[in-house]
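Reader: Please give me a close look at the aromatic rings, and explain each term as you use it.

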Amino acid sequence: MDINAAARKPAIDVPHMLGQKLMLDLRYYCDTPVAAGQCRTPMTQLPAALAELIQRYQIGGVILFAENVQQPQQIIQLTEQLQAAAQAQGHHLPLFIGIDQEGGRVARLPRQQSTSFSGNMAIGATYPVHGTAFASQVGTVLANELLSLGINVNFAPTVDVNVNPLNPVINVRSFGEDAKQVAELGGAMTGAMQQAGLLVSLKHFPGHGDTHVDSHLGLPRVDHSAEQIANTDLYPFAKIIQQYDPAMIMTAHIQFPALDDSVFVSKNGETMLKPATLSRNILHGVLRQQLGYKGLIVTDALDMAGISHFFTVPQAVIETFAAGADIALMPVKLQSPAELPQLAALLDELSAAVAQGHLDKQELQASYQRIVKAKQSLKALSQPSLAQATKTLANPEHRAAELALARAAVTVVKGATALPLTFAGKKTVLLMPDTSKGRVLQQHLQQLGANSADITVISLVQLNLDQAKQQIAAADQVIAAFISPMQSLAEMGGMDDLAANTNLAEAYQKQQRYFYQLLEYGAALKKDQTFVSLRSPYEISLYAPLVQRTIATYAYHNWQQQDGSLVSPIYQALAEVLVGQRQATGQLPVTLPLSMPAVTAGQ
């Protein structure tokens, strides 16, 4: 062995190492001038300016969103363009190309062209009967579909233990409230994804399961004791680290005073507790030293309000690197030519922090080597091809698995003896979140033998309250379904959706009021009523007194085929239980609260 070989190799300079530690958001890009933050043109092909940026600053990774991934051929071309820009850097390290494809509500690939499944809490509902079978199967399918498109990092699974019924952002993204079960299911999914060659990122460390604030919108605080944190929040991370050595772990923008009660002064002059993302006690002390984690630590998106409201961009990145993070996710907006210089400015500030000793150079080199090690495993991956993607994406086997999970997850919480329903000779009203969801449930009910039944759809989106009351008064039975809580920014994509989220909140609250009023009206008329929780089952506590039976599906999505027909494994599985073709075997993976916040009256 030539002991001088290493000495002859050119030294890796600081800017190169820093560039590898950045993972950029390329969701939107406008070639023409546009006001900062206002570009909404999806980046579906890599512009020359961004390719040059990736090459010049030796960027280590990018994250894609739904806007970037529109159909297989386009996605493959985009990932190939991204990797070509990385190869032009000259060091032959592949690019991390990541995405949030958790399954269920957080799924970026087009549902009609891929397999998104019903999500983690649905998997949790199958655990008593099926164990980890669905977690492993879903992990394998998600990994194979992403890899067929050239996407090599999945920011999943979510292993937060959801113990707060009012959690606005995790809820059904969690496998449930039992830490050991979450660890077992999260571990099985992690093992399956990594066995296929995909890099995973557990999230959100040290745990986002007991928050009532969305860290996209504010800075949550968890006041668990150290013992409670160890037994609940940290437990899945600790077990999966021991058994599966996950490639990445994502930080949470959450204050945990029992783990770190040190403070910082925000950019607004306010003295505050450090969030986990910027806490050396948590990232280095707990994750590295206590749990023995040796993989990559990646931040949650740094443009989220839990960080951006309190730190400047350079300050946030410097502090998270000083805390022990390897990769800063979405540190700067690069949506137009005018914004591109922000990247150079950030890297200049990071280089200065190294030169001044605020960032330790030895730690920087160690972090860089962790990144290189993770990327070495990506070199063995085959190049994506349209033929392979076409063969893999949403193939019959994958669609069958998707339907099997939806069927196994359906949970009858109340009124199992009052099933099945009778449709022949009865007038049935479907009170649904929107017309498409009503139509697809109506379609499945009719296909399963109720084709001659009188089934009317009432949409909460296009609601005439007086007319709806008349329809309920004339009906023999009501099947009412709702989605709670409303969509979070994580599901929509991120902080760029904040304005739309404000409008959605107003519409959601109005729909919830009308929905409750209509169920109350039906109950007063002694109608036979069924409530279906299409998302977080905690809402069952609110509506159960008004109905004869309650059912949980944990998911609600459907999609439209090219021929215009609507498809949904969730509504097919629900319809099968309603008509008695299949027994529901799912079991609640969370405890329902004795009560939920009342729906306030008003217009």
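**Aromatic rings and a strand**

Author: The charged end of Lys21 sits over the ring of Phe321, at 4.0 Å from its centre; a charge counts as over a ring if NZ of Lys or CZ of Arg is within 6 Å of the ring centre and within 35 degrees of the ring normal. This is a predicted model, in which local features need pLDDT of at least 70 and side-chain atom pairs count only at pLDDT 80 or more, while totals for chains, interfaces and linings use all residues. Residues are numbered from 1 along each chain as its sequence is written, and side-chain values use heavy atoms, with hydrogens and water left out.

Lys469 likewise lies over the face of Tyr521, 5.5 Å from the ring centre.

Rings also meet one another: the structure holds 9 aromatic pairs. Rings of Phe, Tyr and Trp (its six-membered ring) pair if their centres lie within 6.5 Å, and planes under 30 degrees apart are stacked, over 60 edge-to-face and the rest tilted. Such pairs link Phe482, Tyr508, Phe515, Tyr516, Phe531 and Tyr543 into a cluster.

Another aromatic residue, Phe96, belongs to strand β3 (residues 96-99); strands are DSSP runs of E, at least two residues long, numbered from the N terminus. Phe96 and Gly98 point one way, Ile97 and Ile99 the other, and all are buried, that is, under 20% relative accessible area with a 1.4 Å probe and protein chains only. In a regular strand, side chains alternate between the two faces of the sheet. Strand β2 (residues 61-64) runs parallel to β3 and is joined to it by 4 bridges, where pairing requires at least two DSSP bridges. Opposite Phe96 in β3 stands Gly61.

Conventions: Buried < 20%, exposed > 50% of the residue type's maximum accessible area, 1.4 Å probe, protein only.
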